[in-house]
Amino acid sequence: MTVSISPRKIAKQRRSQQKIDLILQTTFQMLSQQSAAVITTNAIAKTAGISIGTLYQFFPNKDAIFYQLYKDWLAKTRKRLVALDQAIAADLSVSDCIDVLLEALAGSDDVNSRANWQLRRAMATSEALVELETQHQKEILERLIDLQKVFDCTVPADERTALAMFQNQVTIACLQSLALAENSDAQQATRVWCRTLLQSVFNYKNLNETP
């Protein structure tokens, strides 16, 4: 059975848009405190201070809310990655590009927070959500392969997709660790560790050397 994730009602008036924003903001806040699996539309409506009927005017189920939140996150992420594209175009070093990458993707709770990671875990709950996540991963891998070309990657061409997948997983682990850091001191220390690890992973000239 296919679960619909299409909005039931498109906001045409400011009041309707405000209700949609309230539903999305409330859900995002709830994701910072609990897993997506235990969140229900009834709980969202109660926390937002609206009736369940009002929520259902705009979203048919919680997957539709997650889908919209994820689309919004993707848009913010793509916008922030422009900074990385600019750093590459400016011929900055790998080290400098890593600094730009960390600042772009870990410098704001809008794109890297506990709630964002709960949301990403929710992408496995329905076919439509998985499809959106798969498309995102494809875009990331393409960007990493382009990055390899720019920085004269010495890894054979037929291994570069595998390398991009590895680099992506390490980057994800770093970003998640930063999002879960308990305080500013822990986050600062984690950022240093992440920077060192990513420099190693993106050090193309040494990646294919035998230890």
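**An all-helix pattern and the place of V100**

Good morning. Read from start to end, the protein chain follows the pattern α-α-α-α-α-α-α-α-α-α. In total there are 10 helices and 0 strands; helices (H or I, at least four residues) and strands (E, at least two) are DSSP runs, numbered from the N terminus.

This is a predicted model, in which local features need pLDDT of at least 70, side-chain atom pairs count only at pLDDT 80 or more, and totals for chains, interfaces and linings use all residues. Residues are numbered from 1 along each chain as its sequence is written, and side-chain values use heavy atoms, with hydrogens and water left out.

Let us consider the whole chain. Along its principal axes, the C-alpha trace spans about 60 × 40 × 30 Å. Of the 211 residues, 42% count as buried, that is, under 20% relative accessible area, whereas exposed means over 50% and partly exposed lies in between (1.4 Å probe, protein chains only). As for contacts (heavy atoms within 4.5 Å), 68% of those between residues at least 6 apart in sequence join residues at least 24 apart.

I now turn to one residue, V100. It lies in helix α5, which covers residues 94–106. Is V100 buried or partly exposed? V100 counts as partly exposed because its relative accessibility is 22%.

Which residues does V100 touch, leaving aside its neighbours within four places in sequence? V100 is in contact with A83, L84 and A87. Q86 is 14 residues from V100 along the chain, and the C-alpha atoms of the two are separated by 9.6 Å.

Thank you for your attention.
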